[in-house]
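Biologist: Thanks for sitting down with me. Could we go through this model together, starting with the overall fold and ending on a single residue?

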Amino acid sequence: MYQNILVPYDFGNSFKNIPEQLVNLTRANDDYRIVIFNVISEMELANYVRYQGKHFDEVVKEKEEEIKPFLETLDEQSLKYEVKFTTGTATKTIVEEIENHPYDIVVMSNKRSEIDIKHVLGHVTHKIAKRVNIPVMIVK
């Protein structure tokens, strides 16, 4: 049913329920593409450069280590995926990624590591759901 799936990965959210949903979305299709997409904010990158002397490639290596448990879960489910890192403003960069590639659905996590009862959806999740013209699955 869905061939091209974008999963914007946020290190502040829990992605425990995402693999199960990806299995459900790709079950009837062997020819699918899942892109795990992380946007490193310009401010975060500037802080890495300023205080730790680390540039984009070094930051990506750190992030790849942090994302390994999630990727291992995808491997356990025999899911095929690719991982992309970029820098910019999260909402704008994710919207541009969606507009410039033929994604069929966006799968986002809304389960925050820190509980914030004030807002039902996170800031980026809300804006992505509001601005893109493809289905957005928000997993709790």
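Biologist: What radius of gyration does the protein have, and what would a compact globule with 140 residues have?
Modeller: Keep in mind that this is a predicted model. A compact globule with 140 residues would have a radius of gyration near 14 Å, and the protein agrees with that, so the pair of values is a globule near 14 Å and a protein at 15 Å.

Biologist: Which pattern do the helices and strands follow along the sequence?
Modeller: The protein has 5 helices and 7 strands. Read from start to end, they follow the pattern β-β-α-β-α-α-β-α-β-β-α-β.

Biologist: Of the contacts between residues at least 6 apart in sequence, what share joins residues at least 24 apart?
Modeller: Contact here means heavy atoms within 4.5 Å. Among the contacts in the protein between residues at least 6 apart, the share that joins residues at least 24 apart is 75%.

Biologist: Is Asn29 buried or exposed?
Modeller: Asn29 sits in the loop between helix 1 (18-26) and strand 3 (33-40). The cut-off for buried is under 20% relative accessible area. Asn29 has a relative accessible area of 14%, so this residue counts as buried.

Biologist: Which residues does Asn29 touch, leaving aside those up to four places away in sequence?
Modeller: Close by in sequence, a polar atom of the Asn29 side chain lies 2.8 Å from the backbone nitrogen of Asp31. Beyond four places away, the residues that Asn29 touches are Met1, Tyr2 and Gln3.

How values were computed. Residues numbered from 1 in each chain as written. Predicted model: local features only at pLDDT ≥ 70, side-chain atom pairs only at ≥ 80, totals over all residues. Heavy atoms only, no water. Helix = DSSP H or I, 4+ residues; strand = E, 2+ residues; numbered from the N terminus. Rg over C-alpha atoms; globule rule 2.2 N^0.38 Å. Buried < 20%, exposed > 50% of the residue type's maximum accessible area, 1.4 Å probe, protein only. Polar contact = N/O pair within 3.5 Å; in protein donor to acceptor, adjacent residues only side chain to side chain.
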